[in-house]
Amino acid sequence: MRIDSHHHFWGYSQPEYTWIPKGSPLQRDYGPMDLEPLLRSTGIAGCISVQARQDLRENHYLCTLAAKHSFILGVVGWIDLRSSNVESQAAEFALMPKAVGVRHVVQDETDPQFMSRPEFRRGIACLRKHRLVYDILIFEHQLADAIRLVRDVPEQVFVLDHIAKPKIRKGEIGTWSSLMTEIAHYSNCYVKLSGVVTEADHQAWNESQLIPFLDATAAAFGPERIMFGSDWPVIRLACEYGRWVEIVEKWASQFDSAKQEQIWGGTAKAVYLHR
């Protein structure tokens with residue numbers, strides 16, 4: 001069973017999605033009926049829907065969609081991890097249909113130790129008993145903080161989104177690769193091959209620029225802790241869905257069939273669905 005471990009849905013409005021670039025193809029609604037044909041055409045049977053707003057209403061929105069559409073296998077929502085009410089927020093979300101994890105948009109935080117602060121750590125500490133995974137959304141320069149988090153909370157399952165957004169546009173791989181090796185040392189951390197192409201030049205990228213970053217991810221984590229993800233529809237800023245699937249298929253063909261199965265669905269099942 002192939003799984004896309006990372007995509008988004010939204011009913012577009014500029015005030016709620018200020019991060020969406022003006023004049024881009026993202027400035028419209030994207031729902032299950034837009035994604036389902038893409039999954040079918042690429043042989044992907046199910047997907048994990050990930051929050052795109054830091055709002056508790058996002059949980060109800062995504063879980064309602066998941067309850068109506070069987071191909072939506074899980075929902076990574078949002079709760080305010082720094083709130084004094086984080087426990088009740090986590091408990092409420094965990095009871096919703098197909099709730100599997102939460103995420104905070106740490107990439108937008110300016111504090112280099114945001115994930116090390118007591119309030120955030122208190123929120124992380126309440127996730128495990130509700131069987132919720134935590135998705136780490138950061139840029140490369142925030143990896144040091146993420147390493148501390150993964151190291152200090154070994155009982156929590158973490159998933160590193162978008163291979164930590166390395167500097168693909170600049171072709172700078174050395175520092176990022178070393179940090180990825182360091183965070184991969186901790187077996188409670190997994191990684192998604194999502195959001196990769198959008199870290200390259202949207203207009204001038206080519207496949208050969210991406211492969212060294214995929215190779216370094218595999219060298220650090222091994223196929224058994226890697227999961228395919230598209231980051232659709234955000235990926236449309238640089239690449240269409242089918243093209244990204246083709247790139248990953250070609251790259252993953254270097255591994256044996258068992259390892260390919262891990263990348264294409266086994267890892268996502270183990271992390272999000274078999275908890």
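In what order do the eight strands of the open sheet lie, and in which sense do they pair? In this predicted model, the open sheet of eight strands runs E1-E2-E3-E4-E5-E6-E7-E8, with parallel pairing. Its edges are formed by strand E1 (3-7) and strand E8 (226-228), each of which pairs on one side only. Averaged over the sheet and with direction ignored, neighbouring strands are turned by 25° against each other.

The stretch of the sheet from E4 to E7 can be described pair by pair, as in the following table.

| Strand pair | Sense | Bridges |
|---|---|---|
| E4 (residues 99-104) and E5 | parallel | four bridges |
| E5 and E6 (residues 158-160) | parallel | three bridges |
| E6 and E7 (residues 189-193) | parallel | three bridges |

Individual residues show how these strands are aligned. Tyr-134 in E5 is the bridge partner of Val-102, and on the other pairing Tyr-134 has Phe-158 in E6 as its bridge partner. Further along, Val-159 stands opposite Tyr-190 in E7.

The connections between these strands pass through helices. E4, helix H4 (residues 118-125) and E5 make up a right-handed β-α-β unit, and the chain then crosses from E5 through helix H5 (residues 143-152) to E6 in a β-α-β crossover that is likewise right-handed. Helix H7 (residues 207-221) packs on the sheet, where it touches E6, E7 and E8, and its direction makes about 160° with that of E7.

Strand E5 (residues 133-136) can also be read through its side chains: Val-133 and Asp-135 point one way, Tyr-134 and Ile-136 point the other way, and all of them are buried. In a regular strand the side chains alternate between the two faces of the sheet.

Two helical residues deserve separate mention. Arg-121 is found in helix H4, and Arg-121 counts as buried because its relative accessible area of 19% lies under the 20% cut-off. When neighbours within four places in sequence are left aside, Arg-121 is in contact with Met-115, Ser-116, Arg-148, Leu-149 and Asp-152.

Is Thr-181, which is found in helix H6 (residues 174-184), buried or partly exposed? Thr-181 has a relative accessibility of 47% and therefore counts as partly exposed, since that class covers the range between under 20% and over 50%. The C-alpha atom of Thr-181 is separated by 4.7 Å from that of Ala-220, although the two residues are 39 residues apart along the chain.

Notes:
Residues are numbered from 1 along each chain as its sequence is written. This is a predicted model: local features need pLDDT of at least 70, side-chain atom pairs count only at pLDDT 80 or more; totals for chains, interfaces and linings use all residues. Side-chain values use heavy atoms; hydrogens and water are left out. Buried means under 20% relative accessible area, exposed over 50%, partly exposed in between (1.4 Å probe, protein chains only). Helices (H or I, at least four residues) and strands (E, at least two) are DSSP runs, numbered from the N terminus. Two strands pair if DSSP finds at least two bridges between them. A crossover is right-handed if, with the strands pointing away from the viewer, the path from the first strand over the helix to the second runs clockwise. Contact means heavy atoms within 4.5 Å. Axes are lines fitted to C-alpha atoms, for helices over the stretch in contact, and angles run from 0 to 180 degrees between N-to-C directions.
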